[in-house]
Amino acid sequence: MSLLIILSVIFMFMTQLQVKHVMLGTTRNSARDILHLVKLDVENQYHSLQYHREYALSRYKIQLLNVMSLALSHLDNFYDLAERGIITEDQARQEALKSVSRFRYENNDYFYIYDQNLKAISHPDTALLNHNMADYQDIHGNYVLQEIKQIVSTSGSGFSDFWHFRLGEDEPVQKLSYNVLYPKWNWIVGTGVYIHDIDKDYDKKLQEVIDELKYLFSEIRIGETGYLFIFSGENKMLVHPDMAGEDISMNINPATGTLHSADLILASQTPEIPYAYFWNKPPRYPDLYKFKKESFVDYFQPLNWYIASSMYQDDMMKPINRIIVNQILAALLILIICLIAVYFISRHFTRNLADLTNHVRNMSTEGFPEQDRDHMQQLAFRVHDEIGELTDSFLNMENALHDYIRDLKVKTAQNEKIRSELNIARNIQLSLLPRELPESDEARGFQLNAAMRSAREVGGDLYDYFFPAPGILFFAIGDVSDKGVPAALFMARCISLLRAAVRTQSREESCLIKPDRVLTEVNDELARDNEICMFVTLFCGVIDLDRGVLNYASAGHNPPCLIRKTGEILMLDQARSSPLGWKQNNDYSNLSLDLQQEDLLFCYTDGVVEALNQAGEFYTEDKLVSLLSGLNTRYPAEVNKAVLDSVLEFQTGLEQSDDIALLCFRYKKK
Amino acid sequence: MRISTEDYQGIKIISLIGKIDSSTYRELESEMLRIAEQPPGKILVDCSQLEFLSSSGIRVFYLVAKKLEKFNGKLVFMNPNENILRVFEIIDFSSDFSIQNDLAGALKEF
């Protein structure tokens, strides 16, 4: 925006300079042209005046020639009379002189005759008659008669003007005379008319010209207030808006102290170059001679006139300033229109964008706001730009999201239901397991701890222990194939069958419980109609705590470890045997082991040794054995925790892949 | 896990590659049951590229064996790795299925 303004200002400044230059030039040119036209007009008027004057003069001259020829023929009459001898030559001369002196025409105009000595031999003015006029001078000092004699003696006749009194008047006036040499008697005959009439007429006509120019000048304006004026070489102001008729010879330029008219006359030598000076500016500043003026001055020599123009330079600038002001106003107007347009356009965009943003914000805080959804749909439909498209896309996304969330809610509710059911199932499953025994039960001759960690809510691993008879501990650990709900159901069935089989035996065999028979019974029950071939690996044992004897049997279960007090570790020998559930009437083998003081029996499921780490490696029996070898003196609960922690650490970053059950027993002889 | 099957003189040889655990056994189950549907039900399971076998996978073999009973078919295993062999020993797998070290031995079983 500011760039736009700066550019506009620079542009206007440049234009201003250029326009100023051009306009000043134009104004000066027009001043010069007007001055030139005025000069041409004056010249025309002058030529017209001259023509009139010449014409009038020529009329007088023809008249003089005519009357002269009459006078000469009259003289010829007297000469003829003498020639024919009717009168004497002397008589003829006297009569002729007398007669001519009585000639009058026009305006009391007369004839005069001089002899070669320039003696007035015929003249109506008796003061001059018979006087020698050779030394006569008119008011301008001309030897009038000597000039006349000169003309007629060289040309025989000729015109001559001089100043002379009119008959009966005291004031000398200009007179045009025509003189002829009358050779018969050697006389100079002349007559004259007073031509000041012509001058009077000329002056009258000149005044008319001046008046006309005054009118003309009043109509002419150069620039705003510039005007034209004419003053004469005699420093008389001829035409001027308010100084006409004044004598300007003593006008002094207050700024320079020089004679103003002299400056102007000097400037007339260069009519093409404006003469610049400082002047006042009435009526507002009558005493402040600080306003720059320009004058073109031209000289019309025939009339001794100075024609001049006069302009205030700031007035010359006025139209330019007006143009510049207009230009600035136009630029401002365009700028304002642009700003308003930008404001409305950006508001149009930002309003829609703001609406959309608001909608999105509402969505993040209030879910899916229904109230401005209609407005958004209108926006998407009505606005055909990126914002509209964005809104449309957004609404589509919102709809998809809305549907998705609705579906998700339904599924989540279903999942939640399943999860809560699974949690109930888990509680039921855990309640199937025996209660934890006191950590130290040395009074009864042993320590025992069992732990279970399912991969899912419910699992297929199991453990059990109870006292079917005093001093007799039965225990079992098992692993159902697969995981989750089916395995959990199978596990529950298995544990129930196991307990039932042990209790039946303990009742029937008077406390003599054989683990192989327990397995056989449970297997027969599980294998019946087991179409899906689920199975359970199981290890179970009976310990006579008083005698320190362990009887045990395994149905395909991982062999437990026996850790001696010394740290020595043995894997329990066991006969090969199938897991429970595959085939009925399967036989299992009974094995026996004498326990030593502090022997630690560690039973586990394959969730331990088959645990995987991120490299895809198994935990393995070896790792378990090496861990257990350092735990030979620990409490069973500590051993279980150490193993569980070790396995969980091993599979860090992965889901637990299989259920884990642990059972640890220490024999403490009473 | 990947399963590839080929026919050899009326015997379906199924090669198991990778790991069979609780997340992959279903594929094994459907594939093997499909094969077990067709007589004569002679199936050789090549375990040489099998890395791990979970109890879920073992259940599938018993399920398949049960299906094969009606054709009097047979399921033979070949060349399991050490770990799997240990599992087979624990659960006395060999009392129900023949486990062979090589193809020649395995083919003789049919």
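Let's start with burial in chain B. Chain B has 110 residues, and 54% of them count as buried. Keep in mind that this is a predicted model. The accessible surface of chain B comes to about 5,100 Å². Carbon and sulfur atoms account for 43% of that surface.

What is chain B built from? It has 4 helices and 6 strands. Along the sequence, the order in chain B is β-β-α-β-β-α-β-α-β-α. So much for the order; now the contacts. Take the contacts in chain B with a separation of 6 or more. Of these, 70% are between residues 24 or more positions apart.

Next, the pockets. A general word on the approach. A probe the size of a water molecule is rolled over the atoms, and that shows where empty space is left.

The largest pocket has a volume of about 590 Å³. It is lined by 26 residues. Which of them are closest to its centre? From chain A, they are V609(A) and E610(A). From chain B, they are N83(B), R86(B) and V87(B). Several elements give two or more residues to this lining. In chain A, these are α11 (606–609) and α12 (621–629). In chain B, they are β4 (50–53), α2 (55–68) and α3 (82–90). Which element gives the most to the lining of the largest pocket? That is α3(B), with 7 residues. By class, the lining of the largest pocket has 11 nonpolar residues, 8 polar ones and 7 charged ones.

Now the second largest pocket. About 460 Å³ of space lies in it. Its lining has 21 residues. Nearest its centre lie Y227(A), H240(A), M243(A), W279(A) and K293(A). Four elements of chain A are worth naming here: β6 (227–232), α5 (260–267), β8 (275–279) and β11 (305–312). Each supplies at least two residues of the lining of the second largest pocket. The most comes from α5(A), with 3 residues. By class, this lining has 11 nonpolar, 7 polar and 3 charged residues.

One of those elements deserves a closer look: β11(A). How many of its residues are buried? The count for β11(A) is 8 of 8. Both faces of the strand are covered. On one side sit W305(A), I307(A), S309(A) and M311(A), all buried. On the other side sit Y306(A), A308(A), S310(A) and Y312(A), also all buried.

Who are the partners of β11(A)? Let's take them in turn.

Start with β6(A). It runs antiparallel to β11(A), and 6 bridges join the two. In that pairing, L228(A) has S309(A) as its bridge partner.

Then comes β9(A), residues 291–295. It is also antiparallel to β11(A), with 2 bridges joining them. Here E294(A) has M311(A) as its bridge partner.

Last is β10(A), residues 297–300. It pairs with β11(A) over 4 bridges, again in the antiparallel sense. Y299(A) stands opposite Y306(A). β10(A) and β11(A) form a hairpin, with 4 residues between the strands. Look for N304(A) in that hairpin: it takes a positive phi near 60°.

To recap with the structure on screen. In the largest pocket, find α3(B), which gives the most to the lining. In the second largest, find α5(A), which gives the most there. Then trace β11(A), with both faces covered.

How values were computed
Residues numbered from 1 in each chain as written. Chains lettered and ligands numbered in written order. Predicted model: local features only at pLDDT ≥ 70, side-chain atom pairs only at ≥ 80, totals over all residues. Heavy atoms only, no water. 1 Å grid on protein atoms, 1.4 Å probe; cavity = no way out; pocket = protein on both sides within 12 Å on 5 of 7 lines; lining within 4 Å. Points joined across faces, edges and corners; volume = space filled by probe spheres on them. Nonpolar A, V, L, I, M, F, W, Y, C, P; charged D, E, K, R; others polar. Buried < 20%, exposed > 50% of the residue type's maximum accessible area, 1.4 Å probe, protein only. Contact = heavy atoms within 4.5 Å. Areas by Shrake-Rupley, 256 points an atom, 1.4 Å probe, with all protein chains shown as cover. Pairing = 2+ DSSP bridges.
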